[in-house]
Amino acid sequence: MTENAKPVLRFAPSPTGMLHIGGARTALFNWLYARHSGGKFLLRIEDTDRERSTPQAVAAILNGMRWMGLDWDGDEIYQFARAARHREVAEQLLAKGRAYRCYATPEELTEMREAQKRESKPLRYDGRWRNRDPKEAPPGAPFAVRLKAEDSGETIVHDLVLGDVRFANDTLDDMVLLRSDGTPTYMLAVVVDDHDMGVTHVIRGADHLNNAARQLQIITAMGWPIPAYGHLPLINGPDGAKLSKRHGALAVEAYRDMGYLSETMRNYLLRLGWSHGDEEIISTAQAIEWFNFESMGKSAARMDFKKLDNLNGHYIRSTSDDVLVAEITAFLERQTPPRILSDKARRRLLTAMPALKERAKTVVELIQSAEFLFTDGIRDLDEAAAKLLTPEARATLTATLPVLEATDWSGAALEAAARAHAEATGLKLGQVAQPLRAALTGKGISPPLFEMLALLGREESLVRLRAYAG
RNA sequence: GUUCCCAUCGUCUAGCGGUUAGGACGCGGCCCUCUCAAGGCUGAAACCGGGGUUCAAUUCCCCGUGGGAGCACCA
């Protein structure tokens, strides 16, 4: 790394699935540091596994990144396209005597590992071709190229979040650089690409910590500058076990579809493992300003959907009404079949939004609670509303109707009339209001009743109320 | 098995030798109140165990225990 140069960060997912929450967090931290330091944030698609990589997965990752608001600098780089360069480096290592040909067959290696397992020995390549003359191999036999790793001393990873992590070199074996079909392995490709891309900070999941020592050996064998490493603690499921599809290892789009805002996701993922004193609500701009690796936690964290909900509620409340309407409109149009809101529905939604957003934790809840605004006509009752509309309640509703009908149709006037009516009949306001709410919205819960009556208007309101009178 | 990492309320975390161990989510209570939220006040709730080092350990070191990750011609 050249001194004084701007940092170069990268996110390097393999396109074998969606961009899940763990990957998104890794990307976020890389992005935050790049933006914080005025450096670059690059995106590299590690598609060297031809069997498992798909164009759909590439698209999904790119879309996920965009939704998360994580923009990358320049075009994304495809690792597979660089195979020739990886091979070239392997050749150089071979020429330098830092790598060698290994003619061991897969069967032979499996057998070796099984023997090691039986003897409870560490599973490592035993270096059987390390010092053997290639002439001993059958002519024309396929071979892999292995790194001739240091066999004494130690390799130290100076980690930005974990501190110095030491590995005795005799616990590291001679890894494969080039497969017998001539294709490069991930270990080689990563190192070469990071070097060629000028990456100064390798920030990735802690599951790569062990790899770092091995990759360091390739780097030193080539005499290349050593990047700074930072291994981020992993995210576990709510039960503390590895994050699985069942509890949170979902594509980031799945979070969008559950009604979470991307700002929420950035804030939540940031706080999962990183902190700034007692701060909980951290805007993206603030995060960029504050971000550093010193405040990174070292232990794995668990997903907590309750906290995610709470944060999302906060961001929904602080998002402007028109943005939320746009968010909802887009959400509905993404459904299959797409749902298109009428202009009337959209106007009502916008008017009701200040009251609606106060009560929702997700965009989905926002939509559910606004459902009674989307169409005209008599409501079907949900369970709570049905339970509410007892014969007595219907009688109260019937008795209240003439009072409302005689009232000026504004929120304040309707409320005043209802209060007066309640007092006159010896009822609590709630006893008068609840039946009205149930009939008007079809639900037991809604935004403030009198505002909603005013919003729907005299005619529409009376149609709905009369349907359940009697 | 082996290598490596980690360890403060249930959860996310603050703490960087001396604190009534703080905040947030969640949970309980009270207030507000047309429902539900939001908001305000408030309560319960934690330093994994054992040894050191030190006048003093949640904090530093070692061991144990418990979790996690890696150990492929996958990435």
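Colleague: Which base atom of RNA strand B is 3.4 Å from a polar backbone atom of Pro448?

Modeller: A base oxygen, in this predicted model. That pair counts as a polar contact because 3.4 Å falls within the 3.5 Å cut-off for N or O atoms.

Colleague: What makes Arg419 a polar contact of the strand too?

Modeller: An N or O atom in the side chain of Arg419 is 2.5 Å from a phosphate oxygen of RNA strand B, and the cut-off is 3.5 Å. Arg419 is also listed among the closest of the 59 residues around the strand. As for helices, H17 (429-441) gives the most to that surface, with five residues.

Colleague: Why is the pair of Tyr103 and Phe143 called tilted?

Modeller: The ring centres are 5.5 Å apart, within the 6.5 Å limit for a pair. The planes make 55 degrees, and tilted covers what is neither under 30 nor over 60. The two residues are 40 apart in the chain.

Colleague: How do you know whether Tyr103 and Phe143 are buried or partly exposed?

Modeller: Tyr103 has 12% relative accessibility, so it counts as buried, the limit being under 20%. Phe143, at 28%, counts as partly exposed.

Colleague: And why is the pair of Phe291 and Phe293 edge-to-face?

Modeller: Because their planes stand at 85 degrees, and over 60 counts as edge-to-face. Phe291 is buried at 1% and Phe293 is buried at 3%. Both belong to a cluster with Phe29, Tyr33 and Trp274.

Note on methods:
Residues numbered from 1 in each chain as written. Chains lettered and ligands numbered in written order. Predicted model: local features only at pLDDT ≥ 70, side-chain atom pairs only at ≥ 80, totals over all residues. Heavy atoms only, no water. Near = heavy atom within 4 Å. Polar contact = N/O pair within 3.5 Å; in protein donor to acceptor, adjacent residues only side chain to side chain. Helix = DSSP H or I, 4+ residues; strand = E, 2+ residues; numbered from the N terminus. Phe/Tyr/Trp six-rings, centres within 6.5 Å; stacked < 30°, edge-to-face > 60°. Buried < 20%, exposed > 50% of the residue type's maximum accessible area, 1.4 Å probe, protein only.
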